[in-house]
Amino acid sequence: FFYSPTEISTRGVQPGQSIRLGGLVKNGTWLREGQDNSFVVTDGATEIVAQYRGILPDLFREGQGVVAEGAIGPDGNFIATNVLAKHDENYLPREVVDALKAQGEWRPEGGQ
């Protein structure tokens with residue numbers, strides 16, 4: 001259902017191929033200018049810059065889980081057409097959650 005940033009780089013996802021990207025929004029990377037948004041999605045091992053034009057969901061936050069639908073652009077950035085955000089692992093691939101837990105980066109809802 002989802003590709004982690006590491007899977008995107010290792011599985012040869014082609015630019016323009018429609019996919020879902022899942023991971024955490026890296027702290028300190030969200031830039032917003034009007035409706036233009038840029039942020040880094042990480043799985044703890046690999047990072048990818050995501051760009052989205054529009055209003056992000058209310059639950060969108062740095063340090064929280066995100067799933068974005070879209071495609072890799074010609075510059076290697078992920079161009080999102082839809083962004084889903086949630087504060088628990090229900091929207092993240094198990095591999096992303098496991099990688100984040102292994103690196104001590106996992107912060108589930110409620111801070112547990």
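Modeller: A residue is called buried when its relative accessible area is under 20%, exposed when it is over 50%, and partly exposed in between, with a 1.4 Å probe and protein chains only. In this predicted model, local features need pLDDT of at least 70 and side-chain atom pairs count only at pLDDT 80 or more, while totals for chains, interfaces and linings use all residues. Residues are numbered from 1 along each chain as its sequence is written, and side-chain values use heavy atoms, with hydrogens and water left out.

Biologist: Let me try that scale on one residue: is Trp30 buried, partly exposed or exposed?

Modeller: Trp30 has a relative accessibility of 24%, so it counts as partly exposed. Phe60, in contrast, is buried, with a relative accessible area of 1%.

Biologist: How should I read the interior, and which residues have the most contacts inside the largest nonpolar core?

Modeller: In soluble globular proteins, nonpolar side chains tend to be buried together. A nonpolar core is a set of buried Ala, Val, Leu, Ile, Met, Phe, Trp, Tyr and Cys residues joined through side-chain atoms within 4.5 Å. Here the largest one has 19 residues, and those with the most contacts inside it are Ile8, Phe39, Val41, Ile48, Phe60, Phe78 and Val83. Two or more residues of this core come from each of strand 1 (19-25), strand 3 (36-42), strand 4 (47-53), strand 5 (65-72) and strand 6 (78-86), where strands (E, at least two residues) and helices (H or I, at least four) are DSSP runs numbered from the N terminus. Strand 6 gives the largest share, four residues.

Biologist: Which residues is Val83 in contact with, leaving aside its neighbours within four places in sequence?

Modeller: With contact taken as heavy atoms within 4.5 Å, Val83 meets Tyr52, Leu56, Pro57, Phe60, Val66, Val67 and Ala68.

Biologist: Phe60 has now come up again, so to speak; how many aromatic pairs are there by the rule for rings?

Modeller: Rings of Phe, Tyr and Trp (its six-membered ring) pair if their centres lie within 6.5 Å, and planes under 30 degrees apart count as stacked, over 60 as edge-to-face and the rest as tilted. The count comes to two. Trp30 and Phe60 are edge-to-face, at 4.8 Å centre to centre with 75° between the planes, and they link distant parts of the chain, since Trp30 is in the loop between strand 1 and strand 2 (31-33) while Phe60, 30 residues apart from it, is in the loop between strand 4 and strand 5. Phe39 and Phe60 have ring centres 4.9 Å apart and planes at 65°, so this pair is also edge-to-face. Phe39 lies in strand 3, 21 residues apart from Phe60, and both of these residues are buried. Together, Trp30, Phe39 and Phe60 form one aromatic cluster.

Biologist: And how many salt bridges does the model have?

Modeller: A salt bridge is a side-chain nitrogen of Lys or Arg within 4 Å of a carboxyl oxygen of Asp or Glu, and the count is four. Among them, Glu7, which lies in helix 1 (residues 5-10), pairs with Arg11, the closest N and O atoms being 3.6 Å apart. Glu7 is buried, at 13%, whereas Arg11 is exposed, at 56%.

Biologist: Which parts does the pair of Glu47 and Lys26 tie together?

Modeller: The closest N and O atoms of Glu47 and Lys26 are 2.7 Å apart; Glu47 lies in strand 4 and Lys26 in the loop between strand 1 and strand 2, so the pair ties together parts 21 residues apart in sequence. Glu47 is partly exposed, at 44%, and Lys26 is partly exposed, at 33%. Another salt bridge joins Arg53 to Asp36, with the closest N and O atoms 2.5 Å apart, and it links strand 4, which holds Arg53, with strand 3, which holds Asp36, 17 residues apart.
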